[in-house]
Amino acid sequence: MDLRIDAARLLSRLEELGRVGATGDGGCARLALTDEDRQGRDLVVTWMRDLGLDVQVDAIGNVVALLEGREPGPPVLCGSHVDTVATGGIYDGNLGVLSGLEVLETLTSAGVVPRRSMAVAFFTDEEGSRFAPDMLGSLVYAGGMTVEDAYDLVAIDGARLGDELARIGYLGSLPCPGLVPHAYVELHIEQGPVLDAHHEVIGAVTGVQGISWQEVRFEGQFNHAGTTPMDYRHDAGFAAASVAVAARALTRDLGGHQVATVGKLDLRPDLVNVVAGRSALTVDLRNTDGAVLVEAERAMAAEIERIASDEGVRVERRQLARFDPVQFDDRIVDLVEKTAREHGHSVRRLPSGAGHDAQMLARLCPSGMVFVPSVGGVSHNPAEFTDPVHVEAGANVLLHVLHRLAEEDIVP
Ligand code: HGY
Ligand code: MN
Ligand code: MN
């Protein structure tokens, strides 16, 4: 049967969900567990319920919507996330959730009852921007963190995760860790430049690079910007800026896939004529090679200590997230590549530079991802864009990969 998704329906839902938390520049902001996140969740749950899916919420707010299969047993699961960063586009995460919903709607409309149950999920706080670490909901789903520990996480705005989950009405009853799926496949935009630069349509994602997030706090001495001679200063602002420069230099020294980002930087009192007595910043280090990532962390720690000592400021570091590189299941990667080719699409194998819920599901079951191109490699930016033709291609590849997994005989 030549099943094909309804591209117009999918694209229209992407636009509609993108209007929730709209930032007025084509993007949207739905930080985890904010009112905007709740509105986005509610809209997607309404679509899930309208389709007649069995919708359940677990103890960390993950939502799983199930289409019953002909036979009992663990479902084939797909999904992603609907929370966004503050400068979010309309595709990051949303594409995977809405395409999964579209797959189930396509099967239902065609009167197809899959052999195995199939389900689409959205996971809580994938971005980790408000509550670190990222991929939090899928981490708890996979048993990588207890629900109790997750509830006590504190946001960058001071809120407690458990309180926010209850406040938005998504403190569910389904226990965590969650049900082990038969397999998990996630459709996502690449968020990088590779497919777009090579004019390829589908990415058969081989894995996810390692991620290390830390918060660095310096404490020096508030002082007068005019009267304090330079050799009297203990400038926490200079120390913070020096870490950003050192992080960039580290990527040049290590080369290869090493990336480093200082995304948050806060000076106190943040006034033009006061030497900053306190500063706080985040350092995001990533590498596809686990050993090099460890080397990057070691070198960064040494540089931070040197900077603090040279400036005569105190320093404290706190790990916010730490995930080793993940390799996806060869069988799933092969299936994505094969299915893409059968549909006449150019396809490339590549690792993911971004973190994804799939890297947590890979702890439980055979998992993989389908990428579609991000124009110009731009993401976490309102200008994030994927050609509608590629959206349709990715969702159709997802449909056929999931359906094959639902019908296959072998139990991995
Ligand atoms: O940070 C990431 O890679 C993802 O967007 N959470
Ligand atoms: Mn994402
Ligand atoms: Mn993201």
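**The second largest pocket**

Begin with the lining of the second largest pocket, whose residues divide into 11 nonpolar, four polar and one charged. This is a predicted model, and the tour follows its computed features. To find the pocket, select Val64, Leu66, Pro75, Leu174 and Leu179, which lie nearest its centre among the 16 residues that line it. The space inside the pocket amounts to about 270 Å³. Next, colour strand S1 (54-57) and strand S2 (63-67), since each of these strands supplies at least two residues of the lining.

**The manganese ion (ligand 2)**

Now select the manganese ion (ligand 2). Which protein atoms serve as its donors? They are NE2 of His81, OD of Asp92 and NE2 of His188, at 2.1 to 2.3 Å from the ion. Along the chain, these donor residues follow the spacing H-x10-D-x95-H. The two histidines link distant parts of the chain: His81 is in the loop between strand S3 (76-80) and helix H3 (94-109), while His188 is in strand S5 (residues 183-189), and they stand 107 residues apart. Are these two histidines buried or exposed? Both His81 and His188 are buried.

**The bridge to the manganese ion (ligand 3)**

Keep Asp92 in view and add the manganese ion (ligand 3) to the selection. Asp92 bridges the manganese ion (ligand 2) and the manganese ion (ligand 3), and the two ions lie 3.6 Å apart.

Then display the protein donors of the manganese ion (ligand 3): Asp92 (OD), Glu127 (OE), listed twice, and His380 (NE2), lying 2.1 to 2.6 Å from the ion. Their spacing in sequence is D-x34-E-x252-H. Asp92 is in the loop between S3 and H3, and Glu127 is in the loop between strand S4 (118-122) and helix H4 (136-141), so this pair ties together parts that are 35 residues apart in sequence. Asp92 and Glu127 are both buried.

**Arg306 in helix H9**

For the last stop, select helix H9 (residues 290-311) and, within this helix, Arg306. Why does Arg306 count as partly exposed? Its relative accessibility is 38%, and the partly exposed class lies between under 20% for buried and over 50% for exposed. Show the side chain of Asp310 as well: the side chain of Arg306 makes a polar contact with it at 2.7 Å. Finally, select Ala239, which is 67 residues from Arg306 in sequence but 9.8 Å from Arg306 in space, C-alpha to C-alpha.

Note on methods:
Residues numbered from 1 in each chain as written. Chains lettered and ligands numbered in written order. Predicted model: local features only at pLDDT ≥ 70, side-chain atom pairs only at ≥ 80, totals over all residues. Heavy atoms only, no water. Donors = N, O, S within 2.8 Å, 3.2 Å for Na, K, Ca; no water. Helix = DSSP H or I, 4+ residues; strand = E, 2+ residues; numbered from the N terminus. Buried < 20%, exposed > 50% of the residue type's maximum accessible area, 1.4 Å probe, protein only. 1 Å grid on protein atoms, 1.4 Å probe; cavity = no way out; pocket = protein on both sides within 12 Å on 5 of 7 lines; lining within 4 Å. Points joined across faces, edges and corners; volume = space filled by probe spheres on them. Nonpolar A, V, L, I, M, F, W, Y, C, P; charged D, E, K, R; others polar. Polar contact = N/O pair within 3.5 Å; in protein donor to acceptor, adjacent residues only side chain to side chain.
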